[in-house]
Amino acid sequence: MTLQEIANYIGLDITSDKEITGLNTLTDSTEFELTFLENKKYLSDLKNTKAAAVLVTQENSSEVPQNTIALICDEPYLMLAKISKLFAPNVIEMDGEKPLVGGGTKVMPNVYIGKNSVIGSDCTIMAGAFIGDNVTIGNNTIIYPNVTIYRDCKVGNDCIIHAGTVVGSDGFGFANTKDGKYIKIYQNGNVEIGNDVEIGANCTIDRAVFKTTKIDSGVRIDNLVHIGHNCKISSGCILVSQVGLSGSTTLHPYVVMGGQSATAGHLEIAPFTTIAARGGVTKTIHEPKKQWAGFPLFEHRQWLKLQGKISNLLK
Amino acid sequence: MTLQEIANYIGLDITSDKEITGLNTLTDSTEFELTFLENKKYLSDLKNTKAAAVLVTQENSSEVPQNTIALICDEPYLMLAKISKLFAPNVIEMDGEKPLVGGGTKVMPNVYIGKNSVIGSDCTIMAGAFIGDNVTIGNNTIIYPNVTIYRDCKVGNDCIIHAGTVVGSDGFGFANTKDGKYIKIYQNGNVEIGNDVEIGANCTIDRAVFKTTKIDSGVRIDNLVHIGHNCKISSGCILVSQVGLSGSTTLHPYVVMGGQSATAGHLEIAPFTTIAARGGVTKTIHEPKKQWAGFPLFEHRQWLKLQGKISNLLK
Amino acid sequence: MTLQEIANYIGLDITSDKEITGLNTLTDSTEFELTFLENKKYLSDLKNTKAAAVLVTQENSSEVPQNTIALICDEPYLMLAKISKLFAPNVIEMDGEKPLVGGGTKVMPNVYIGKNSVIGSDCTIMAGAFIGDNVTIGNNTIIYPNVTIYRDCKVGNDCIIHAGTVVGSDGFGFANTKDGKYIKIYQNGNVEIGNDVEIGANCTIDRAVFKTTKIDSGVRIDNLVHIGHNCKISSGCILVSQVGLSGSTTLHPYVVMGGQSATAGHLEIAPFTTIAARGGVTKTIHEPKKQWAGFPLFEHRQWLKLQGKISNLLK
């Protein structure tokens with residue numbers, strides 16, 4: 001789609017036959033992508049963006065770099081939401097190749113496999129599983145019954161995904177209009193799961209708004225865990241049941257999150273961090289190999305000590 | 001069913017050919033419905049009920065209004081539970097019309113659509129979805145794979161329901177017998193979802209015991225959210241992942257509930273209230289536009305201040 | 001499989017044609033089973049084990065009883081993990097008898113029922129349900145759409161399992177290698193559900209690692225509840241929505257767990273205990289009939305008093 005077509009769609013009058021391939025953040029955009037700035041906090045990212053164009057307010061437009069075209073508007077985030085629909089793939093592909101299924105793979109009845117999807121060898125795809133369009137699954141992976149894998153997602157080798165789990169559902173994103181409507185930000189990214197990953201039953205792993213939600217190799221996830229869009233779960237992480245991760249949070253390698261613990265969005269958690277059950281993480285954790293607990297979060301020993309002090313209040 | 005038949009079913013000897021169409025609360029019952037009083041707290045509602053008849057103890061029977069027949073018994077709530085079974089619809093309808101599906105609607109393989117159900121135009125019903133009997137779905141709605149919509153529920157136009165979500169499962173209700181058995185209160189109501197509602201993956205929205213669990217137009221619900229029977233979620237509300245609402249709670253317009261927050265049952269939450277992540281609401285919130293946090297709940301600023309005071313205990 | 005074959009599989013050189021039928025704990029092993037000791041805390045159990053053989057370190061091997069063969073190794077738990085694969089049943093049985101379905105039972109379209117499975121009379125098995133191999137279901141039980149029951153599980157009479165619930169998914173268990181890999185402990189047990197049990201929507205009940213995860217008769221479980229492997233939920237227990245139970249915890253009869261409450265693993269909770277919503281149980285509760293709340297857990301009255309004291313900090 002040309003930049004001109006996109007601009008026209010939101011009522012801007014710009015002449016440009018520049019081809020735009022998608023949407024992305026200020027920092028990750030290529031010269032073929034469109035980005036946006038809503039929050040002044042990211043002004044420094046604007047200065048360094050390589051994006052083809054940026055949705056930006058008049059006020060912030062002076063910071064747009066030379067090679068980036070400014071699309072000046074009052075509500076950049078809302079405009080991004082509207083434009084995101086233009087880049088949304090079809091919910092179901094009508095055209096495309098029949099799926100390829102490797103040797104030794106068992107596909108049970110009542111399984112749907114979409115167009116252009118490729119499943120490796122020696123897999124087991126159990127009844128009621130849904131494998132969307134353009135999905136790839138490696139070798140020797142087990143997909144249990146009633147799992148749903150949305151279009152464009154990737155699953156590696158030697159994985160196990162338990163029943164009812166959903167991979168690639170839309171992340172939770174929308175922009176507000178002034179009159180109180182929510183405009184969906186189409187989640188045009190995907191989910192990529194490495195090798196040797198086991199995911200429990202009835203989990204939900206949202207697809208990225210841009211690019212990819214990542215579950216690296218060797219991760220272990222228990223049941224009823226929620227992983228928001230654009231999270232990255234690094235190798236060796238362990239997520240116990242009912243954990244919830246908000247969007248864009250990165251767990252570095254070997255982070256352990258106890259049952260019902262959770263994180264806010266856009267955080268980083270250092271390698272070998274342990275969050276005790278019910279811990280609630282609201283800030284980035286820089287220092288590796290520490291144990292944390294509680295909500296608000298304290299170092300685990302401090303939290304235990306604090307609980308002692310609190311219970312002393314009863315005396 | 002006549003009142004006499006109903007009375008006989010629970011061992012009461014009453015002569016009345018009054019036709020009873022269903023069960024309902026003291027306040028909502030019409031003159032064709034049967035109600036009950038177990039908890040004295042609701043005695044004033046008894047005085048004003050319009051119900052055809054009421055299950056009531058001897059002790060409370062003097063307050064039954066003139067046009068209402070008293071069905072005097074020792075355990076009104078237990079009797080209600082027993083009677084609820086008489087009004088339960090079939091789990092699967094054997095008779096009825098074939099479903100109607102509007103123009104432009106795509107129905108994928110392995111979808112079941114029940115008797116008398118009506119699906120509008122330009123919808124997408126994805127593989128593995130179950131649409132029960134007597135369900136109506138509007139136009140331009142997407143039902144993702146492995147969604148289950150129980151019988152009698154309604155979904156509006158322009159909705160998106162993500163994979164694995166369950167709409168219309170039974171609310172959690174039962175009466176105790178003296179010897180410790182639980183007698184199911186059949187959940188004979190339904191769920192009604194307005195227009196432009198998006199619901200994430202693996203949520204559960206319970207059908208009402210009487211009448212309707214309501215999700216109004218414009219609501220946004222993230223993944224793994226639980227909504228109890230007879231809740232009402234008003235327009236513009238946002239429920240982040242892993243939120244839990246107990247039964248009969250009303251969220252007024254534009255309430256925002258952060259991740260893993262929850263409410264007790266039978267509450268009202270005022271418009272534009274924000275509950276921070278993990279907040280636990282146990283009392284009605286009357287004043288609109290306030291921010292709350294914690295469990296027990298405090299105004300957000302107070303909660304932050306309190307956490308400071310608590311952490312001072314470590315000094 | 002002979003003990004020799006098993007020992008060879010993990011690189012031990014032992015001559016024994018003793019037939020081993022499975023794996024089990026120190027205390028529960030029969031004379032045909034293999035067990036392990038990793039944690040010295042269980043040394044006294046080792047002395048009393050009846051197991052055919054035990055994986056044990058050199059250091060602890062002196063405590064192995066006379067009739068038990070010591071399989072001496074550096075990492076007994078890791079070796080157990082490796083061996084567990086040898087005893088894992090097939091994910092799908094290729095051979096076996098066609099399922100038997102009793103009179104009056106309705107099986108909707110898109111249902112899969114596995115080999116050797118037996119479903120009683122007057123049941124309703126709704127569309128999209130998956131009933132694995134070697135499953136037995138009693139009479140008059142309703143399995144709602146898109147429920148998954150893994151192989152070898154048992155469900156009694158008069159049960160209701162709501163949509164999307166998963167029964168018998170793998171428990172969360174693995175052993176660590178020194179280089180940071182997780183080796184799956186195959187969950188070779190099952191789940192057994194008694195009579196008159198109702199389970200809500202999108203719950204997950206994990207199969208046992210050895211033997212059985214038990215849900216006794218008369219239990220009521222709400223939506224989105226997680227029950228870990230080898231738990232035992234006794235008769236009359238009530239689990240409200242979003243409860244999470246870690247593995248090997250026993251709820252004695254008539255325990256009530258409020259919404260979002262949780263327990264650590266390997267605990268016992270005395271009969272008629274009530275855990276308030278959000279309560280977090282980390283220690284065994286010996287005394288019956290008490291009410292508890294909070295995390296850390298206090299007696300409910302104490303917890304309320306404590307909250308008063310805490311809020312006084314704001315003054």
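# A walk through a predicted three-chain model

At 16% relative accessibility, B:His229 counts as buried, because the cut-off for burial is under 20% relative accessible area. The model it sits in is predicted. B:His229 belongs to the loop of chain B that runs between β24 (226-227) and β25 (232-233). Its side chain makes a polar contact with the side chain of B:Gln187, at 2.7 Å. B:Gln187 also appears among the residues that B:His229 touches beyond four places in sequence. That list includes B:Gly171 and B:Phe172, then B:Asp206, B:Arg207, B:Ala208 and B:Val209. B:Thr213, B:Gly247 and B:Ser248 are on the list too.

Next, the charged pairs. Over all chains, the search of the whole structure finds 33 salt bridges. One of them joins the side chains of A:Lys184 and B:Glu198, with N to O at 2.8 Å. This pair crosses between chains. A:Lys184 is in strand β18 (residues 182-184) of chain A, and B:Glu198 is in strand β20 (residues 198-199) of chain B. How exposed or buried are the two partners? A:Lys184 has 10% relative accessibility, so A:Lys184 counts as buried. B:Glu198 is buried as well, with a relative accessible area of 12%.

C:Lys184 forms a salt bridge with A:Glu198, and their closest N and O atoms are 2.8 Å apart. C:Lys184 lies in strand β18 (residues 182-184) of chain C, while A:Glu198 lies in strand β20 (residues 198-199) of chain A, so the pair joins two chains. Both C:Lys184 and A:Glu198 are buried.

Now a salt bridge inside chain B. The side chains of B:Glu93 and B:Arg151 meet at 2.8 Å, N to O. B:Glu93 lies in the loop between α3 (76-84) and β5 (100-101) of chain B. B:Arg151 lies in the loop between β13 (148-149) and β14 (154-155) of chain B. The pair therefore ties together parts that are 58 residues apart in sequence. B:Glu93 is buried, with a relative accessible area of 18%. B:Arg151 is buried too, at 13%. In chain A, salt bridges that share partners join A:Glu93, A:Arg151, A:Asp152 and A:Arg207 into one network.

Turn from contacts to empty space. Rolling a probe the size of a water molecule over the atoms shows where such space is left. How many cavities of 30 Å³ or more does a search of the whole structure find? The search finds 9. The largest has a volume of about 880 Å³. Its lining is made of 36 residues. Nearest its centre lie A:Phe295, B:Arg278, B:Phe295, C:Arg278 and C:Phe295. The elements that give two or more residues to this lining are α4 (300-312) of chain A, α4 (300-312) of chain B and α4 (300-312) of chain C. By class, the lining of the largest cavity has 21 nonpolar, 12 polar and 3 charged residues.

Three single residues round out the tour. Start with B:Phe272, in the loop between β31 (268-269) and β32 (274-275) of chain B. Its relative accessible area is 42%, so B:Phe272 is partly exposed. Beyond its neighbours within four places in sequence, B:Phe272 is in contact with B:Pro253, B:Tyr254, B:Val255, B:Lys289 and B:Lys290. B:Ile137 is 135 residues from B:Phe272 along the chain, and the C-alpha atoms of the two are separated by 29 Å.

A:Thr250 sits in strand β28 (residues 250-251) of chain A. A:Thr250 is buried, with a relative accessible area of 15%. A:Thr250 touches A:Lys232, A:Leu267, A:Glu268 and A:Ile269, leaving out residues up to four places away in sequence. C-alpha to C-alpha, A:Thr250 and A:Asn230 are 8.5 Å apart in space, and they are 20 residues apart in sequence.

Last comes B:Asn60. This residue lies in the loop between β3 (53-56) and β4 (69-72) of chain B. Is B:Asn60 buried or exposed? Its relative accessible area is 5%, so B:Asn60 is buried. Apart from neighbours within four places in sequence, B:Asn60 is in contact with B:Leu37, B:Lys40, B:Leu43 and B:Leu46.

Notes:
Residues are numbered from 1 along each chain as its sequence is written. Chains are lettered from A and ligands numbered from 1 in the order in which they are written. This is a predicted model: local features need pLDDT of at least 70, side-chain atom pairs count only at pLDDT 80 or more; totals for chains, interfaces and linings use all residues. Side-chain values use heavy atoms; hydrogens and water are left out. Helices (H or I, at least four residues) and strands (E, at least two) are DSSP runs, numbered from the N terminus. Buried means under 20% relative accessible area, exposed over 50%, partly exposed in between (1.4 Å probe, protein chains only). A polar contact is a pair of N or O atoms within 3.5 Å; within protein, one must be able to donate a hydrogen and the other to accept it, and residues adjacent in sequence count only if both atoms are side-chain atoms. Contact means heavy atoms within 4.5 Å. On a 1 Å grid over the protein atoms alone, a cavity is a set of points where a 1.4 Å probe fits but cannot get out, and a pocket is an open set with protein on both sides within 12 Å along at least five of seven lines; lining residues have an atom within 4 Å of a point. Grid points are joined across faces, edges and corners, and a volume is the space filled by probe spheres set on the points. Ala, Val, Leu, Ile, Met, Phe, Trp, Tyr, Cys and Pro count as nonpolar, Asp, Glu, Lys and Arg as charged, and the others, Gly among them, as polar. A salt bridge is a side-chain nitrogen of Lys or Arg within 4 Å of a carboxyl oxygen of Asp or Glu.
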